[in-house]
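Student: I would like a close look at a single part of this predicted model, worked through slowly and with its surroundings included. Please take one pairing of strands as the starting point and build outwards from there.

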Amino acid sequence: MIESALTHGAYGLGVLALVLVLAFAVGRRISAPISALARASHAFGEGKQDVRATVSGAREVAEVAAQLNSMFSILVARERTLVETQEMLDILLDSMDRVLWSFTPDMSTVLFASESTRKVFGHDSSAFRANPGLWLELMHPDDRKLVEATADRIALSGTGAMEYRVLRPDGETRWVEVRWRHAAGGQGKTARMDGLVTDITERKQTEEENRQLLSIIEQSLNEIYVFDAATLSYEYANSSALHNLGYAFRHLRLLTPVDLMPQFTEGTVVGMVNQLLHREKPQQVFETTHRRADGSEYPVEVHLQTVEREGRWKCLAVVIDISERQHAHTEIIKLANSLERRVADRTTELARANAELESFVYSISHDLRTPLRAINGYAHILAEDLKERLDPGALAMLQRIAQGAVRMGELIDDLLTFSRVGRGDLSLMQVDMEAMARAIVEELRHENPQAQVSIQDMPKPVADPKLLRQVMLNLIGNALKFSSRQAEARIEIGSISEDGKPMYFVRDNGAGFDSAHASKAVRRFSSACTRSPNFPAPAWGWPSSSALSSATTAMSGPRQHRGRGPRSISHCLENLSDGL
């Protein structure tokens, strides 16, 4: 029994020892790969992304190592994607003038700030991470109080937006909008404060320009309306429109242009709008009447055009009150009618006066010529019959009586010339001025045979040859007469060009006159020259020439020139070639 027990005991101890040996061997085979997995996981956690676990040992352990390596690869790929996404986000935010940042709930630490902070704020993102309060320091002092109040409301609501000005390091002022949002963490607590910053400077500038434009429109004295091109409902009217119409805008927005313009139907207004929408006309301009809230009407001029706004077509109407214009137009018509009546009356009076003058001139001519002929005839008879009995002084007196009668006859002829000037029809044709001047000089040469007359080449004007000849006859005759007492009488006939137009002149070095009295030289019944027995002919040359030239052309009148030797007098005819 004892031996049997010992045998069995020894056998059991041997089995136990075998089991212990087997257990130690198996334990080392399993624990070593698990330790390797743990070391690989620790290294990957420290940032060594190229570390991988060794796939060895038991089948179960090898499968765990393979799964762990696959997870490492996935994490590396996701981190790379995350980095690329962050870079793209930074580029996108920078291109959009936007900044993305995150703060701790108490705003004491910047968790993240995109690189676009430099473009918006003028500072790198590192500056914000180093100084979390930098965003407040860059704020315009005038905006701080309003922003602080807005921040308090955002802290309570968990979301909100604020607008303020930023003072950049380069001195530029920019407007930004910051939209805040609480990011929730575990157990309903706030994990961080996320903010999206947008540069809204251009929007603010546009808003300011729109505000100024609206202010100008509101101050305009013209009525300005905006209504929908489809429904014709009013969407805007400035203060002048509301004042002139007597409507409040809440009432006007219920109306259409058809309600304000009683002369138009809805179809007519729609037709005009369609012409603008189809580009058949750039604008519609017309006159009509506007009906006020009290039912009264007033005349207006409407300028209508279409504009596109937010994808819809609107009609812009600028309406001008033309009450004063129409009143002025009515007054002008009345004045024009009155003026026409006055002109007609004056024309009738002038025709009657001309007829009376003509009758008077012919009557005087007829009545005076008879005694003049008698005086001249009796003076000649006495001189012939009594020349043996009368002394030389008496004969000279009779001769002067005869000469006075002749001069009186010439005066009567000049009166008749004046009465005819301007009453006949002009016969216009091209006139050879040079040939006319030569013929007149030959005709009057006996008045001053010693005069040196120079005739230049002259352009041929279009004028009445008879009247023009009378003008030239008077001018050349005066030049010969008033230069006859000069030792070397010189007369020049020609033309010059002024402003591209010919001006004809007759110039002599004869007796002159005081330049202060030049205007008298062309007055009727007036003379700039002192009467002198040296020049017995009447001084009607310049006045009659002025009257005749007024019927044919423009005449500048006599001009006095001072130079070497005697005075040089020129009488000029201007613009003969205009075809007058």
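Student: In which sense do β6 and strand β7 (residues 234-237) pair, and over how many bridges?

Tutor: In this predicted model, β6 and strand β7 pair in the antiparallel sense, and the pairing runs over three bridges. One of the residues involved is V226, whose bridge partner in β7 is Y236. The two strands form a hairpin with five residues between them, and in that turn L232 has a positive phi of about 65 degrees.

The hairpin leads on to two empty spaces, one open and one enclosed. The open one is the second largest pocket, which holds about 470 Å³ of space. Its lining consists of 14 residues, and those that lie nearest its centre are L213, L214, I217, V226 and R309, so that V226, already met as the bridge partner of Y236, appears again here. Both strands of the hairpin take part in this lining, since β6 and β7 are among the elements that each supply at least two residues, along with α7 (201-219), β9 and β10. The largest share comes from α7, with four residues. By class, the lining of this pocket has nine nonpolar residues, one polar residue and four charged residues.

The enclosed space is one of the cavities, of which a search of the whole structure finds four of 30 Å³ or more. The largest cavity has a volume of about 110 Å³, and of the 14 residues that line this cavity, F227, P257, M261, V302 and A317 are the closest to its centre. Strand β6 (223-228) is again a contributor, giving two or more residues to the lining, as do α10 (257-260), α11 (266-277), β8 (284-291), β9 (297-309) and β10 (312-321). The lining of the largest cavity divides into 13 nonpolar residues and one polar residue, with no charged residue, whereas the lining of the second largest pocket includes four charged residues. A general point helps in reading both spaces: in a regular strand the side chains alternate between the two faces of the sheet. For β6, V226 is listed among the residues nearest the centre of the pocket, while F227 is listed among those closest to the centre of the largest cavity.

For context beyond the hairpin, the aromatic rings deserve a look, as the structure holds twelve aromatic pairs. The rings of W101 and F103 have their centres 5.5 Å apart and their planes at 80 degrees, so this pair is edge-to-face. W101 is buried, with a relative accessible area of 1%, and F103 also counts as buried, at 0% relative accessibility. W101 forms a further pair with F128, which is tilted, at 5.7 Å centre to centre and 50 degrees between the planes. Because W101 lies in strand β1 (residues 98-103) and F128 in helix α4 (residues 125-130), that pair ties together parts that are 27 residues apart in sequence. F128 counts as buried too, at 1% relative accessibility. Ring pairs link W101, F103 and F128 with F121, W135, Y164 and W180 into a cluster.

Rings also meet charges in this model: the charged end of K204 sits over the ring of W175, 4.5 Å from its centre, and the charged end of R507 sits over the ring of F505, 4.2 Å from its centre.

Key:
Residues numbered from 1 in each chain as written. Predicted model: local features only at pLDDT ≥ 70, side-chain atom pairs only at ≥ 80, totals over all residues. Heavy atoms only, no water. 1 Å grid on protein atoms, 1.4 Å probe; cavity = no way out; pocket = protein on both sides within 12 Å on 5 of 7 lines; lining within 4 Å. Points joined across faces, edges and corners; volume = space filled by probe spheres on them. Nonpolar A, V, L, I, M, F, W, Y, C, P; charged D, E, K, R; others polar. Phe/Tyr/Trp six-rings, centres within 6.5 Å; stacked < 30°, edge-to-face > 60°. Buried < 20%, exposed > 50% of the residue type's maximum accessible area, 1.4 Å probe, protein only. Lys NZ or Arg CZ within 6 Å of the ring centre and 35° of its normal. Pairing = 2+ DSSP bridges.
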